[in-house]
Each structure stands twice: as C-alpha cells, then as structure tokens.
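Work through the following exercises with the sequence and the model side by side. Each begins with a task and goes on to a solution in steps.

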Amino acid sequence: MLRLEDIDPNFKINNTDAPDDYLYYDPRNAPFSIYGLAENDQGEYCRLPLDFLPQCTERVQHLAYHLAGACVRFSTDSSHLHVVWELKYPSNMAHFTGCGQNGMELFEETDHGTRQVKNLIPKLVHEGQLKQSHYFPLPGGMRHYVLYLPLYNGLNQLLLGVAPGSRVEAGRKPAIEKPIVYYGSSITQGGCATKSGSCYTTLLARRLDIAQINLGFSGNARGEESMARHIAGLPMSVFVMDYDHNAPTLEHLQATHEPFFRIVREAQPDLPIVMVSRPDFDKNPADSIARRNVIINTYAKALAQGDQNVHFVDGELFFGPKDRDLCTVDQCHPTDIGFLRMADGLEPLLRRILNA
C-alpha cells in the first residue's frame, strides 16, 4: 500500500481528480485475488504459464498476454476508486471499440448476481500513450467488486487506489470456483464486444456465478496437440471446445478436432465437454456446414463409444431467425447482441451440466 507518486509519478499526468492522499494497491497481492490467469511466479499478467509459452506459436505467445476473461476480486468500503493502468500494446482496431480492446469494467458482486458500477472507457491508445486512469464514486459501504480486465490487450501495470482510512478485504468467491475453460477463436476471446464484461464467456460466468478461463486466441486457435495437453491438465468444471473458426482449412479441422478431444477426454474421463460450431454461419454456409459436420462426427463417435459427458451445440442457431445482421460487426465477430444470444443459447445446457 503506497502513494501513487511513490509507485509511478508519471500517472499523475492523467490524474486530475483523485486526492493526493489516496492509497494504492497492486492487485497481484493479497487481499486481492485474480481469476482467469495462469499462476506465474514472475507475477506476469498472462493467460498461459510462462514455461509453456515456448511450446506455442509466436502469435499465441503474444495473445496469451491479452487478458480476456480475467478479473480482479476485492471488497472495500471506499467512497471512490482510482484505477490506473498501463497497457502493454497500442491497440486501435477499426471495427472494435476501445472499451472492449483496452478498457475495463467494474461490477458489484452479490449472492444474487452482479450490477455494473462503471465501464472504464480508455483514452484512444497511440504509440507511447499507454497510461490510463479513472477516478469515480463507489456505492458506499462494504461491498464486493469484480474488475474485468481488457479483452484484447495486456497490462504492464495495474493499481487500485482507495480513500485513506478505507477497508480493503478479500473479494467474494464465485459459487463455483472450478472454472469453465473455453478454447477458441477471436470470438471466444471477445471480439468485438463493446466492453470487457460483454464477452459471452463473461456473461455466462456472471449468470452462473462460476469462474472462467478464456483461452480464445484470435486467429490462432489451431487445435495444436501441445495446447490440448495443456488444457487436459487444467482443473475445470466444463470444457467448451470452440476452435473450428481458426482451423486454416477443412482438412486441418478434420485432422485435429477428434485428436484434440481425445487428449482431453483421456486425461479427464468424466469431464463434461461441450463442442460448439461457429455462430457466424451465414458468411459462408457451405464451409460452415462442412466444418459443423466434422464436429458432429467427433461428437457422434464419442456417443457411440458410450461417452455420457459430451454435448454438441449448433452455432447456426445462436443468432436466431430474426435480425441476424445485428449480431455481428463484419459478418463474423459478434456485437453485444450477438454475444447476448450466444450466452442465451449456451446457458440452459451449462445450467443442466452444473446443476446451477
């Protein structure tokens, strides 16, 4: 717990409102808890273990530092919160809001659901302008909070400032701490949600009160054997397998989909595994049907062999029969409407699996 000027005086250039006597915490330390990241001794904000990164492609190594699905939990009675952060990379995609790429979203957590407190809208990120800050009021009284981190960027630094004399304690734990693990494409990673809390995996985490690990790697979820073995070793309540988008060809998907499933299944025989086909069916229906058939074949073979914990969800049905154009930005990446419909489509099955 330190004063901001003792940690990084350069943040003062963005700080026009927070009083000088605020006290700052690094959320990588107690009493804060971080969910959705690998446990790395070096304290890096990374979704994969650092010792596993050399087994990944160069692009996956880069994307592992994007923080999709990761969140910080804590409790405080501070009247205001000052969030200061330094982004890892410039990121200004034309079809994707700055909030979703580089911002964060704060919710109050209770046993009855979550309530948005603040969407932390970042300044546009240009080369050399990666420092951000937001100072805003909190509801007051001792409350539990969860701060969702950027979907398509990493963090060099994150600090949470509270009023002097405030209590800061451990956050509320999810009702189900054993996470849902998702493996998939840019859609899984959260492109193009308008804010970090709108990614479908996070919508489901909030609705089901469960932890999540989002292993969406934009354009680079290729069903590699090394990734399958990494995932197979993770403790999880459910595995959602959603990577057909990123298979570069139909033949690649045919060669990798069932082997990927088998590696996870052999490691965890009783794990519920949900196979999902891509939701943006309309962009290329013929290819979507062919890829869906590969997934159905993996699913059908598992059923035929007596697997009672495998499920298939047809992504074509996610966006519904009406206003499908409103569900994507570019005929591929979902809008918030698209992500909402994806969450709606998956929620009943996951509730049954989890008995939630």
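**Exercise 1.** Which strand supplies the largest share of the lining of the largest pocket, and how many residues does that share hold?

*Solution.* Before starting, note that this is a predicted model, in which local features need pLDDT of at least 70 and side-chain atom pairs count only at pLDDT 80 or more, while totals for chains, interfaces and linings use all residues. Residues are numbered from 1 along each chain as its sequence is written, and side-chain values use heavy atoms, with hydrogens and water left out.

Step 1 is to fix the term: on a 1 Å grid over the protein atoms alone, a pocket is an open set of points with protein on both sides within 12 Å along at least five of seven lines, a cavity is a set where a 1.4 Å probe fits but cannot get out, and lining residues have an atom within 4 Å of a point. The largest pocket has a volume of about 600 Å³, a volume being the space filled by probe spheres set on the points, which are joined across faces, edges and corners.

Step 2 is to look at the lining, which holds 24 residues, with I34, G36, L37, A38 and E39 lying nearest the centre of the pocket. Strand 2 (33-35), strand 11 (176-184) and strand 12 (210-216) each give at least two residues to this lining, where strands (E, at least two residues) and helices (H or I, at least four) are DSSP runs numbered from the N terminus.

Step 3 gives the result: strand 12 supplies the largest share, four residues.

**Exercise 2.** Find the largest cavity and state which element gives the most to its lining.

*Solution.* Searching the whole structure yields one cavity of 30 Å³ or more, and about 30 Å³ of space lies in the largest cavity. Its lining is made up of Y35, G69, C71, R73, Y148, A205, I210, A211 and Q212. Strand 3 (71-76) and strand 12 are the elements that give two or more residues to this lining, and strand 12 gives the most, with three.

**Exercise 3.** Is helix 5 mostly covered or uncovered?

*Solution.* First apply the term: buried means under 20% relative accessible area, exposed over 50%, and partly exposed in between, with a 1.4 Å probe and protein chains only. In helix 5 (residues 200-208), seven of the nine residues are buried, and the helix is mostly covered. The buried residues are Y200, T201, T202, L203, L204, A205 and L208. Among the elements that cover them are strand 8 (143-148), strand 11 and helix 9 (336-354). After helix 5 comes D209, whose phi is positive, near 55 degrees.

**Exercise 4.** Why is strand 5 largely enclosed, and which strands does it pair with?

*Solution.* Six of the seven residues of strand 5 (residues 104-110) are buried, so the rest of the structure largely encloses this strand. Two strands pair if DSSP finds at least two bridges between them. Strand 5 runs antiparallel to strand 6 (residues 113-120), with seven bridges between them, and a hairpin through two residues joins the pair. Strand 5 is also antiparallel to strand 8, with five bridges. E108 can serve as a marker, standing opposite R115 in strand 6 and opposite Y145 in strand 8.

Notes:
Contact means heavy atoms within 4.5 Å.
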